[in-house]
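Please consider how the interior of this protein chain is put together. The account below begins with its nonpolar residues and then turns to its aromatic rings.

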Amino acid sequence: MISSTDIIKALIRTEKATSYEPDRKYLFLVNNTANKIQIKYAVEDLYKVKVKDVNTFISLGKKRKVRYHLGKTPDVKKAVVTLKEGQKISEAIT
């Protein structure tokens, strides 16, 4: 079984991600092989909150030129986690 710290890589704190917070939604960078149920239990375990819903999507990597060859940045999986009423994530786990 994968541990919670292996499933949740980071809490994304960008301008767009912080605009979701009034709706109790938080954006996480997660393991590519993790499913929604594993992400839900990992967030509840790490942040001690109750999760209402989890939506996931995969951001495809961009093509980049590396010297004389074409390269590609890796694909990453992100999860938008909606918390139950009255729940809040106040600080990031390091």
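**The nonpolar core**

In this predicted model, the largest nonpolar core has 18 residues, of which Ile8, Phe28, Ile39, Val43, Val81 and Ile89 touch the most other members. At least two residues of this core come from each of β1 (8-11), β2, α3, β3 (51-59) and β6 (76-83). The greatest contribution is that of α3, which gives 4 residues. In soluble globular proteins, nonpolar side chains tend to be buried together.

The surroundings of isoleucine 8 can be described in more detail. Leaving aside residues up to four places away in sequence, isoleucine 8 touches Phe28, Leu29, Val30, Ile39, Ala42, Val43 and Leu46. Of these contacts, Leu46 belongs to helix α3 and is partly exposed, at a relative accessible area of 21%. The cut-off for burial is under 20%. Between the C-alpha atoms of leucine 46 and lysine 65, which are 19 residues apart along the chain, the separation is 38 Å.

The aromatic rings come next. A pair of such rings is described by the distance of the centres and the angle of the planes. With ring centres required to lie within 6.5 Å, the model contains 1 aromatic pair. Phenylalanine 28 and tyrosine 47 have ring centres 5.6 Å apart and planes at 50°, so the pair is tilted. Distant parts of the chain are thereby linked: phenylalanine 28 lies in strand β2 (residues 25-30) and tyrosine 47 in helix α3 (residues 36-47), 19 residues apart. Phenylalanine 28 is buried, with a relative accessible area of 0%, and tyrosine 47 also counts as buried, at 13% relative accessibility.

Key: Residues are numbered from 1 along each chain as its sequence is written. This is a predicted model: local features need pLDDT of at least 70, side-chain atom pairs count only at pLDDT 80 or more; totals for chains, interfaces and linings use all residues. Side-chain values use heavy atoms; hydrogens and water are left out. Rings of Phe, Tyr and Trp (its six-membered ring) pair if their centres lie within 6.5 Å; planes under 30 degrees apart count as stacked, over 60 as edge-to-face and the rest as tilted. Buried means under 20% relative accessible area, exposed over 50%, partly exposed in between (1.4 Å probe, protein chains only). A nonpolar core is a set of buried Ala, Val, Leu, Ile, Met, Phe, Trp, Tyr and Cys residues joined through side-chain atoms within 4.5 Å. Contact means heavy atoms within 4.5 Å.
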